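The following exercises concern the arrangement of chains and the packing of helices between them. Each task is followed by a worked solution.

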Amino acid sequence: MSETTGKLAELVGGKLNGDNKVEIHRVASLEDAQDGEISFIEKVEFDAPTKQSNASCLIVPENFETQLPCPFIQVKNPKLAFAKIAKVLHPYIGRSVWHEMVIVPESSEVRASFIGAFVTLGENTYIGEYTEIFDGVRIGNSVKIGKYSLIHPNCVIYDNVSIGSNCEIHAGTIIGADGFGFVRDENGYVKFPQIGMVVIEDDVEIGANSCVDRGALGETRIGKGTKIDNLVQIAHNVQIGERVVIAAQTGISGSTIIESDCIIGGQVGMGDHARIQSGAIIGSQAGVLPNKIVRAGVWWGTPVQPLDEYKRQNAHVKSLSRLKEEVKDLKKQIDALKNEKQTD
Amino acid sequence: MSETTGKLAELVGGKLNGDNKVEIHRVASLEDAQDGEISFIEKVEFDAPTKQSNASCLIVPENFETQLPCPFIQVKNPKLAFAKIAKVLHPYIGRSVWHEMVIVPESSEVRASFIGAFVTLGENTYIGEYTEIFDGVRIGNSVKIGKYSLIHPNCVIYDNVSIGSNCEIHAGTIIGADGFGFVRDENGYVKFPQIGMVVIEDDVEIGANSCVDRGALGETRIGKGTKIDNLVQIAHNVQIGERVVIAAQTGISGSTIIESDCIIGGQVGMGDHARIQSGAIIGSQAGVLPNKIVRAGVWWGTPVQPLDEYKRQNAHVKSLSRLKEEVKDLKKQIDALKNEKQTD
Amino acid sequence: MSETTGKLAELVGGKLNGDNKVEIHRVASLEDAQDGEISFIEKVEFDAPTKQSNASCLIVPENFETQLPCPFIQVKNPKLAFAKIAKVLHPYIGRSVWHEMVIVPESSEVRASFIGAFVTLGENTYIGEYTEIFDGVRIGNSVKIGKYSLIHPNCVIYDNVSIGSNCEIHAGTIIGADGFGFVRDENGYVKFPQIGMVVIEDDVEIGANSCVDRGALGETRIGKGTKIDNLVQIAHNVQIGERVVIAAQTGISGSTIIESDCIIGGQVGMGDHARIQSGAIIGSQAGVLPNKIVRAGVWWGTPVQPLDEYKRQNAHVKSLSRLKEEVKDLKKQIDALKNEKQTD
């Protein structure tokens, strides 16, 4: 793919400075960019390396004023403009092949443009147009997948899972395995029924080797536009809203609710039946206790507390040594006062 | 499947109130339950929604006294009774198919009722009656699997692993990969031999994308009736007793012993050569140091301490701000006393 | 395989005491070792069980002086010698088979000695001599793998990944999935381009179900001789040096640099753009903040601090109860002094 600097500026609603006919065919980092490539800086404070860059075009903030040897495009949010231009210059090239060595039962309705090698689909499964099922994917019975979704190699989708359109599920991710619920009796553990569903709405991306368990009785749901990283655990009956971001290795326990527009760091652990309210930002490695309600704002630590409190508390802990010295000193002063008293 | 209220009450040894001939064919949650479905409440305190439920039968505690429009079954442990009834109404429907596109060497003895598509079995492998090996599973050489076990899609069982009967291993789980052991020499790391085995006893369930490494020289063992969640790491030579529960994303380092009837939360980390004694309950995200012995009781935090101590310590830390104020105030009072002294 | 005690002593440059013609065919632990097997003790302090061992040969430290009924080999580092001898007695037996049910495009150059069943290779892929691609592995386009590497079952290698020689990637590991980078706009998240590469140098071992993401624009790199455990997350553009060890379930965020010869414990979390300097040792469950520079030495806790400081601080926290009592006591003494004053 290739576009002119003029077209790219138009695409992102930016103001072009310089030649509008330079052909750009690739995005690159500021250091690596070469002839025919476009790069960006996020803030004017980072303008120094722009002068050394060999890029053929740069995306810069609106208040950028450095003189550059190449054309540059001024926009409000350079990183966002760069991401949008990357989509145009590096479009996903869809494939239109159905491999021979696949299992596709007659009861299933498969409109997918690509079915990779050694794929198995279950009964009564529906797969929408332009969706691609990569090599070695296993899809169970009564699964529904929308249009333009990508299911990467070796994913496993259990029975009764629904995945929307424009979703991307990376390799090795497991959707719809049994939730983890058992009831103890005198002999050991009896499994609580895990017969619910998973619903993944449109525009969801899930990283590699993650797990989304099915609902025990009801459903586990991941809302539209939510992005989930690698090795994340989503337990049974978890409800995740729209446009939530969850970083790698975080685990969400059963029935917890994450409302829309939350940002969850990596390696966070959440107990069951918690509720993360819209707009909450939870720092990496934080721990949310069961049933806890976390309001909008920035949270940190285990158990989670507002970031300010966490910092203050951390500072107190760090100054404990000094506090102990002070107490020791006060003790001496008091002893001195007492002695003076006696010698009065 | 369908059973009458009378039969179900009998099944769980409960006392039926109302019509014993109502046909029940499904379990459901209290809110979702409809005609022909059964639900439950755990405690009498939760009786309010029972009056609105559309369930055709409810399982309730023995001391439940609310009048209901539907038949209800009084039992000691309603959740347990519900789980047992779910097993009857939603039995696992075994399959009896051997796919054509599979690799089954002549040296192996395979009695399994189901071998899914694209499965590969190794040499000298034994698989018992009614066991199901799902699509894309890889099983190595000299593996032994008992009866009525389910190995979900894309699991990998390395050589020399033994899995008992009535086990369920969820998708993507890896059993028998090399343990992580290296010895440093002047050039880098030399691998310590990882030539031991894995033994998984009967009635064990392991979640999706978990890992159980083989013993370095001896064996890694998971005891009867133990239940392990998703994305759990069990290192080489770990010994886990019977009826242990381990939640998601927990990691157990090499040679650590978890005795029977322990409960381990999610994202717990255990150092090597620790011993968790029977009856210990370890809270989520806790950290157990290497060689630590953890006695029966509830433990929390990093490094783990008894829950009471953890709470007390946490309260102390939270009140540090006040303590600092107090010390400041004492300082003032002492200064005042000194001043008075001087002016005496 | 079988070697004489004399040959084994020579192999590890050790001093043999006793018969040099005893045939040894297997390594074993001190307790399990039987006739024809060799074992070791790490330190002279552990010499007690050597007298009961049924091993036919023992590897011991140089200053070992106990009289033994079997030949023993004195070396500087017995564990290292044992690991080297294990390699000789238990060599990996390479396989020379190409399965029929595989997808190998004509554009790829495959010299591998073993291609397992149901493997799929992409276009323009190169696989070196004696490398083994196990069952169900998916390899993308333009992938390059060196000689003598083992790619275990069901691994997924995305496009444009380079893996060196003598590497071992355990089952279910995903290399080259998209990094986790998004830019927020008014409607939700736009994906930042994830079009870089992954380079894995020679002699790298990666455990099961781990993830190594591709660079966003540049590359993610794992240096020569580095060893990575199970369920580890390596984000986009991470740079890991040579001979680094990373234990299970650790997560490294984007663009973080780990210099050569670091040791990272399990369940460690690192923020993005951090730098771990050569020789740093980071304890399990530690948390490294974004942009943090961690110098050589031993580090612990969240946020990481030098182990000594961590211990001191932990001791302070543990003694908070006493400190509070002391402050209370001082208050009483001051009140007493004031009262005396008034009664003066």
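**Exercise 1.** In this predicted model, determine how many residues chain A and chain C each bring to their contact, and describe the side of chain A that touches chain C.

*Solution.* Step 1: chain A contributes 49 residues and chain C contributes 48 residues. Step 2: on the side of chain A that touches chain C, α2 (78-89) and α4 (320-343) each supply at least two residues. Step 3: of the elements on that side of chain A, α4(A) gives the most, with ten residues. Step 4: sorted by class, the residues on the side of chain A that touches chain C are 21 nonpolar, 16 polar and twelve charged.

**Exercise 2.** Classify the packing of α4(A) against α4(C) and list the residues that make the contact.

*Solution.* Step 1: two packed helices are described by the angle between their axes and the distance between the axes. Step 2: for α4(A) and α4(C), the angle is about 25 degrees and the axes lie 10 Å apart. Step 3: angles under 35 degrees count as roughly parallel, and α4(A) is therefore roughly parallel to α4(C). Step 4: the crossing of α4(A) past α4(C) is left-handed. Step 5: α4(A) uses A:K324, A:V327, A:L330, A:K331, A:I334, A:L337, A:K338 and A:K341, while α4(C) uses C:L323, C:E326, C:V327, C:L330, C:Q333, C:I334, C:L337 and C:E340. Step 6: this contact of α4(A) with α4(C) holds nine nonpolar, one polar and six charged residues.

**Exercise 3.** Carry out the analysis for α4(B) and α4(C).

*Solution.* Step 1: helix α4 (residues 320-343) of chain B and helix α4 (residues 320-343) of chain C pack at about 25 degrees, with axes 10 Å apart. Step 2: α4(B) is thus roughly parallel to α4(C). Step 3: α4(B) passes α4(C) in a left-handed crossing. Step 4: on α4(C), the contact residues include C:K324, C:K331, C:K338 and C:K341, and those on α4(B) include B:E326, B:Q333 and B:E340. Step 5: by class, the contact of α4(B) with α4(C) has nine nonpolar, one polar and six charged residues.

**Exercise 4.** Establish which rotation axis relates chain C and chain B, and give the superposition of chain A on chain C.

*Solution.* Step 1: a turn of 120 degrees with a shift of 0.0 Å along the axis lays chain C on chain B, with an RMSD of 0.1 Å. Step 2: these two copies are therefore related as by a three-fold rotation axis. Step 3: chain A is laid on chain C by a turn of 120 degrees and a shift of 0.1 Å along the axis, with an RMSD of 0.1 Å.

Methods. Residues numbered from 1 in each chain as written. Chains lettered and ligands numbered in written order. Predicted model: local features only at pLDDT ≥ 70, side-chain atom pairs only at ≥ 80, totals over all residues. Axes fitted to C-alpha atoms, helices over the stretch in contact; angles between N-to-C directions. Helix = DSSP H or I, 4+ residues; strand = E, 2+ residues; numbered from the N terminus. Parallel < 35°, antiparallel > 145°, perpendicular 65-115°, else oblique. Left-handed = near helix turned anticlockwise from the far one by under 90°. Contact = placed C-beta atoms within 7 Å. Nonpolar A, V, L, I, M, F, W, Y, C, P; charged D, E, K, R; others polar. Least-squares fit on C-alpha atoms with pLDDT ≥ 70 in both.
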